[in-house]
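Here are some exercises to help you find your way around a new structure. Try each task yourself before reading the solution below it.

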Amino acid sequence: HSFWARVVNDRSSHNQHKSINPPINQSFNHTMSKRQHNPDGEVLTAEQKRARKKVVDEFAFKLLELQMEGEERSQTYGHAKELVQEAQSQHPWITRVGLYNRIAYIKRQGLSLEEARDVLVPDPVSQITNDAIRQYSTSAITEPNPFEAKRARLLMSTNVRTLKTAIFYGSAKAVTPPWGGDTRIGDRVYNWVTRTLSEREAQLGGETIIHDVTIFDPLIIFGRGGALSEFSGAEMRSPTFMMREMPPRAQELATKIAEADCYIIISPEYNHVVPPALSSLMGHFGGSLYKCKPSGIVTYSIGPWGGMRAAMSISTMCHELGCLPVSAMCGIPTVADILKIDGTPVNRNNRMLKQLPNMLEQLEWMAVAMKNQRDTVGTF
């Protein structure tokens, strides 16, 4: 209760329409749905609820456009504040948190602006949007997700910095050993790292740091129909930095790499060195996309050494590409004893798990410092 009280008190001068503080033990989506559709306890028909949801989605898309247009954060916040005030003046039942909850869902799904348009403000004659609309309607509205509530509230703060974090998976293994076990044991580590990033809210220089994660999986990128499979392949027949023009999907991949603020490489070791899928995936693109940004290295193994020998060769590769690795590394040995299949720790007090927060602390510090310098003077 005290948290919600602080939120309301801190923003009382900005809110023309205060909302009732929801009890902490209620699920966020249920609470927001109740506040948006029944702000005064009135009973709404299904059609009225759909109409209100449509209005909220239209304003949420406008806010999302502001965030994706690349303006300075101060300008974006000012325009967003005006837009929220406009929405609340026209529709008093709209809440600020409700709007940002829509945006948080879109970001969590990793949708582009055009895909978000299909979900939030779809063309009624378009058939390709139907599945996305159904998914949004069931996932964003009916699934309780208290974490999204916390993230939505956080997005309202002016002191939030979002780092675009690209994760490279190192393993492309797709066969189960004859003795059984995981097809790709690294999935345990991938799930652990991505969940940690999604929940992380670090404090740095008066700002709260959160991560907008993009995943590059060689199983997908080199798989059938993947961005690099048709014209090049994992053997790297056609490095993109030697091509006058890249295929559209490869260009999209290059753009995402270039837009990242930092990189995390999660990899096993093959023959004591970097796996070929990882070196090919990252090596398809020139150092101009990676330079002046930091990287963090997470390795793992089924044995006792945690992939540290591969970490040494990955570090060398990252130095050459220009994404300088931070000094703290994370090496997870005997993965199956430390992490479950879904990435949750077997024992949260295991000292090996403390490596990741240490590495992320350094990565975030370097990412913010390097981004500030890139924004000020550019790159070399």
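**Exercise 1. Find the residue in β6 that stands opposite serine 295, then work out how β5 sits among its neighbours.**

Step 1. Start with the pair itself: serine 295 faces proline 325, which belongs to β6. Keep in mind that you're looking at a predicted model.

Step 2. Widen the view to the two strands. β5 and β6 (residues 323-325) run parallel and are joined by three bridges.

Step 3. Now turn to β4. This strand pairs with β5 over five bridges, again in the parallel sense. One of the matches is isoleucine 265 with isoleucine 297 of β5.

Step 4. Look at which way the side chains go. In a regular strand, side chains alternate between the two faces of the sheet. In β5, Lys293, Ser295, Ile297 and Thr299 point one way, while Pro294, Gly296, Val298 and Tyr300 point the other way.

Step 5. Check burial. Eight of the eight residues of β5 are buried, so the strand is largely enclosed by the rest of the structure.

**Exercise 2. Say how far the predictor's confidence goes, and where to be careful.**

Step 1. Take the whole protein: the mean pLDDT is 81, and 75% of the residues reach 70 or more.

Step 2. Pick out weak stretches. Residues 10-39 have pLDDT below 50, though the model gives this stretch 61 contacts beyond near neighbours in sequence. Residues 125-144 are also below 50, with 31 such contacts.

Step 3. Decide what to do with that. Where pLDDT is low, the predicted coordinates should not be read in detail.

**Exercise 3. Describe the protein as a whole.**

Step 1. Count the elements: you should get 16 helices and seven strands.

Step 2. Ask how much is tucked away. Of the 380 residues, 47% count as buried.

Step 3. Turn to the outside. The accessible surface is about 19,500 Å², and carbon and sulfur atoms account for 52% of that.

Step 4. See how the chain meets itself. Take the contacts between residues at least 6 apart in sequence: 74% of them join residues at least 24 apart.

**Exercise 4. Which residues of the largest nonpolar core touch the most other members, and which elements build this core?**

Step 1. Recall the background: in soluble globular proteins, nonpolar side chains tend to be buried together.

Step 2. Go to the core, which has 31 residues. Val189, Trp192, Val193, Ile264, Ile266, Val298 and Met359 touch the most other members.

Step 3. List the elements giving two or more residues to this core: β1 (160-169), α9 (186-199), β4 (262-267), β5 (293-300), β7 (330-332), α15 (335-338) and α16 (355-377). The biggest giver is α16, with six residues.

Step 4. Zoom in on methionine 359. Not counting residues up to four places away in sequence, methionine 359 touches Ile264, Gly296, Ile297, Val298, Val326 and Ala328.

Step 5. Don't stop there: another core lies apart from this one. That core has 30 residues, including Phe168, Ala250, Leu281 and Leu321.

**Exercise 5. Is aspartate 261 buried or exposed, and which side chain does it meet in a polar contact?**

Step 1. Locate aspartate 261 in the loop between α11 (248-259) and β4.

Step 2. Apply the cut-off. Buried means under 20% relative accessible area, and aspartate 261 has 4%, so it counts as buried.

Step 3. Find the partner: the side chains of aspartate 261 and arginine 374 make a polar contact of 3.1 Å.

Step 4. Fill in the surroundings. Beyond four places in sequence, aspartate 261 also has contacts that include Thr162, Lys164, Pro294 and Lys371.

**Exercise 6. Compare the burial of arginine 200 and glutamate 201.**

Step 1. Place both residues. Arginine 200 lies in the loop between α9 and β2 (202-204), and glutamate 201 is in the loop between α9 and β2 too.

Step 2. Read the values against the 20% cut-off. Arginine 200 has a relative accessible area of 17% and is buried, while glutamate 201, at 23%, counts as partly exposed.

Step 3. Look for a partner of arginine 200: its side chain makes a polar contact of 2.6 Å with the side chain of glutamate 364.

Note on methods
Residues numbered from 1 in each chain as written. Predicted model: local features only at pLDDT ≥ 70, side-chain atom pairs only at ≥ 80, totals over all residues. Heavy atoms only, no water. Core = buried A, V, L, I, M, F, W, Y, C linked by side-chain atoms within 4.5 Å. Buried < 20%, exposed > 50% of the residue type's maximum accessible area, 1.4 Å probe, protein only. Helix = DSSP H or I, 4+ residues; strand = E, 2+ residues; numbered from the N terminus. Contact = heavy atoms within 4.5 Å. Polar contact = N/O pair within 3.5 Å; in protein donor to acceptor, adjacent residues only side chain to side chain. Areas by Shrake-Rupley, 256 points an atom, 1.4 Å probe, with all protein chains shown as cover. pLDDT = per-residue confidence, 0-100. Pairing = 2+ DSSP bridges.
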